Amino acid sequence: MRDQTDAPSASLAEAGPDAPPAAAARAGGGGGVGVGVGRAVGVGVRHARPRPLGEHRLWPRSFADRLTTPLPGLRAFARLAREGAFRPGPEGLRGIPDLPYAPAPLPAVAAGAVSVTWAGHASWVLRIGGLTVLTDPVWSRRILGTPARMTPVGVRWEELPPVDAVVISHNHYDHLDAPTLKRLPRTTPLFVPAGLARWCRRRGFTRVTELDWWESVELGGVRFEFVPAHHWSKRSLMDACRTLWGGWVLSAAGAAGAAGAVKKVYFAGDTGYGHWFGEIGRRHPGIDLALLPIGAYAPRWWLRDVHADPEEAVQACLDLGARRMAPMHWGTFVLSSEPVMEPLQRVRAAWARTGLPREHLWDLPVGASRAL
């Protein structure tokens, strides 16, 4: 498979906002590097104009050419079955009572401030620019093919403020949960990867915007940009890589007179470690907070390409140039074979080795909040 390491030499802005997918592909999936269109974000980097909200678009049948590495074949599946390394052993599961869980009421958020609340796994209640945004919301007790949650959801659905938008990273069941989305008004704006709008519209959602990598939309003064990830997508036996995968950078004006004119939060979704973090950081200098996955990484030979381990997540934070890191994607569902408490222990040790301020590692319990 092709590894799209190099930055594109042309941009979607040059092709035009309504360019066909082929033009977007030649433009590097919507990247705008060195073109005089749009709003400047960082030295030498300009971002293409935001896409229209809710537009209907045509996409290629497959995004397999975006894979960083090939998907595992039958030989790898046979090895996994032979080793039986699907879940932690009894010793690894003994840490479940120690998983950090401290639900509390959502804090008040001042104008221009940013607040994050970890609901569990990759689900956050993110309040930025006056909006309440849910990331990969999964409020279900269990998902297909996994045991029930180890920790309850950190925020009761009834205690959520009105949801202004939802961002989805990709269409795996632990990130795109149909029962949770059904709880939302069908007029809720959904921002999803390329190819996924049809799935959402079939379920009655009327304000769905799908994006390619490096494309963005704006809602209520907040900019949502879809950025690459080292991952893949699949929801059934026959749809591998039919929809795109990635993360999101949310940007909004900060409080008047506060340090930093723009507040930026990066939500990685689900990803392995690789070159994209440096490129995201180059295009989005000054990220205030990176929400990065640290779990579901063992056995390493099986999951290295698609799930970062704790040390790689810390390195990704450094590559991004982010000021703070909040770990996620651990302590909620049993998806792999590492001991359940190991991700937290390893990320704390890796962070300590960097010499960065301890208070910049936001290792929150499920249900806890922190504000910029």
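Met-150 sits in the loop between β3 (131-135) and β4 (165-167). This placement, like everything below, is read from a predicted model. With a relative accessible area of 16%, Met-150 is buried, because buried means under 20%. Along the chain, Met-150 and Thr-332 are 182 residues apart, yet their C-alpha atoms are 5.2 Å apart in space. Phe-205 can be read in the same manner. Its place is in the loop between α6 and β6, and its relative accessible area of 4% makes Phe-205 buried. From Phe-205 to Leu-184 the separation is 21 residues in sequence and 9.2 Å in space, C-alpha to C-alpha.

The loop that holds Phe-205 also holds Arg-203, between α6 (197-202) and β6 (208-211). Is Arg-203 buried or partly exposed? Its relative accessible area is 30%, and Arg-203 is therefore partly exposed. Arg-203 belongs to a patch of positive charge on the surface, together with Lys-182, Arg-186, Arg-198 and Arg-202.

Charged side chains also meet in pairs. Across the structure, the count of salt bridges comes to 21. One of them joins Asp-212 and Arg-66, with 3.0 Å from N to O. Asp-212 is in the loop between β6 and β7, while Arg-66 is in the loop between α2 (21-26) and α3 (74-83), so this salt bridge ties together parts that are 146 residues apart in sequence. Both partners are charged residues away from the surface in terms of accessibility: Asp-212 is buried, at a relative accessible area of 2%, and Arg-66 counts as buried at 8%.

A salt bridge can also lie within one helix, as with Glu-279 and Arg-283 in α7. Their closest N and O atoms are 2.6 Å apart. Four residues separate Glu-279 from Arg-283, which is about one turn of the helix. Glu-279 and Arg-283 are both buried.

Another salt bridge is formed by Asp-288 and Arg-323, whose closest N and O atoms are 2.9 Å apart. Asp-288 lies in the loop between α7 and β11 (289-293) and Arg-323 in the loop between α9 (310-320) and β12 (325-328), so parts that are 35 residues apart in sequence are tied together. How do the two partners stand in accessibility, buried or partly exposed? Asp-288 counts as buried, at 5% relative accessibility, whereas Arg-323 is partly exposed, with a relative accessible area of 43%.

Salt bridges can link into a network as well. Here one network takes in Arg-300, Arg-304, Asp-309, Glu-311, Glu-312, Glu-342 and Arg-346.

Aromatic rings give another set of contacts. A pair of aromatic rings is described by the distance of the centres and the angle of the planes. In the whole structure, a search finds 13 aromatic pairs. In one of them, Trp-213 and Trp-276 stand edge-to-face, with 5.5 Å from centre to centre and 65 degrees between the planes. The pair links distant parts of the chain, 63 residues apart: Trp-213 is in the loop between β6 and β7 (216-219), and Trp-276 is in helix α7 (residues 276-283). Trp-213 and Trp-276 are both buried. Elsewhere, ring pairs link Phe-191, Phe-224, Phe-226 and Trp-248 into a cluster.

The last topic is the backbone. Most residues other than glycine have a negative phi, and most peptide bonds are trans. Which residues does a cis peptide bond join? Ala-298 and Pro-299 are joined by a cis peptide bond, with omega about 0 degrees. Pro-299 is in the loop between β11 and α8 (300-303). Ala-296 is also in the loop between β11 and α8, and its phi is near 60 degrees, a positive value in a residue other than glycine. At 5% relative accessibility, Ala-296 counts as buried. Cys-241 has a positive phi too, near 65 degrees. The place of Cys-241 is the loop between β8 (222-227) and β9 (247-253), and Cys-241 is buried, with a relative accessible area of 2%.

Technical notes:
Residues are numbered from 1 along each chain as its sequence is written. This is a predicted model: local features need pLDDT of at least 70, side-chain atom pairs count only at pLDDT 80 or more; totals for chains, interfaces and linings use all residues. Side-chain values use heavy atoms; hydrogens and water are left out. Patches are made of residues with over 30% relative accessible area and no salt bridge: like charges are joined within 9 Å, nonpolar side chains (Val, Leu, Ile, Met, Phe, Trp, Tyr) within 5 Å. Accessible areas come from the Shrake-Rupley method with a 1.4 Å probe; for residues, only the protein chains shown count as cover. A salt bridge is a side-chain nitrogen of Lys or Arg within 4 Å of a carboxyl oxygen of Asp or Glu. Lys and Arg count as positive and Asp and Glu as negative; His and the chain ends are not counted. The place of a charge is taken as NZ of Lys, CZ of Arg, CG of Asp or CD of Glu. Helices (H or I, at least four residues) and strands (E, at least two) are DSSP runs, numbered from the N terminus. Buried means under 20% relative accessible area, exposed over 50%, partly exposed in between (1.4 Å probe, protein chains only). Rings of Phe, Tyr and Trp (its six-membered ring) pair if their centres lie within 6.5 Å; planes under 30 degrees apart count as stacked, over 60 as edge-to-face and the rest as tilted.
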